Amino acid sequence: MEKVYQTMKHSGIMNIVLGTLIIVVGALCGSFIIVSGAKLLSRKNDIIF
């Protein structure tokens, strides 16, 4: 019975770690997209199609 609790504990820890990692990566990607869009907006006069 103790092995089951250990397995559940490790599974829960991994879920928390992966969830936190996904949130951090998502926040970083979002901030990079915002910065990239701001650079495009600031240089929109230089862009010629």
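Me: In this predicted model, where buried means under 20% relative accessible area, exposed means over 50%, and partly exposed lies in between, which of these classes does Cys29 fall into?
Reply: Cys29 lies in helix 1. The relative accessible area of Cys29 is 41%, and since the class between under 20% and over 50% is called partly exposed, that is the class to assign. Cys29 is therefore partly exposed.

Me: Is Asn15 buried or exposed?
Reply: Asn15, like Cys29, belongs to helix 1. The cut-off for the exposed class is over 50% relative accessible area, and Asn15 has 52%, so the class of Asn15 is exposed.

Me: What percentage of the residues in the protein is buried?
Reply: The protein has one helix and zero strands, and its C-alpha trace spans about 70 × 15 × 5 Å along the principal axes. The protein exposes about 4800 Å², of which carbon and sulfur atoms supply 73%. Of the 49 residues, the buried share is 0%.

Me: How many Å apart in space are Asn15 and Leu40, C-alpha to C-alpha?
Reply: For another pair, Cys29 and Val17, which are 12 residues apart along the chain, the C-alpha separation is 18 Å. Asn15 and Leu40 are 25 residues apart in sequence, and their C-alpha to C-alpha distance in space is 37 Å.

Me: Which residues form a nonpolar patch on the surface together with Tyr5?
Reply: Tyr5 lies in helix 1, which covers residues 2-42. The patch that includes Tyr5 has about 490 Å² of accessible area in total, and the other residues that form it are Met1, Val4 and Met8.

Key. Residues numbered from 1 in each chain as written. Predicted model: local features only at pLDDT ≥ 70, side-chain atom pairs only at ≥ 80, totals over all residues. Heavy atoms only, no water. Patch = residues over 30% accessible without salt bridge, like charges linked within 9 Å, V, L, I, M, F, W, Y side chains within 5 Å. Areas by Shrake-Rupley, 256 points an atom, 1.4 Å probe, with all protein chains shown as cover. Salt bridge = Lys/Arg side-chain N within 4 Å of Asp/Glu carboxyl O. Helix = DSSP H or I, 4+ residues; strand = E, 2+ residues; numbered from the N terminus. Buried < 20%, exposed > 50% of the residue type's maximum accessible area, 1.4 Å probe, protein only.
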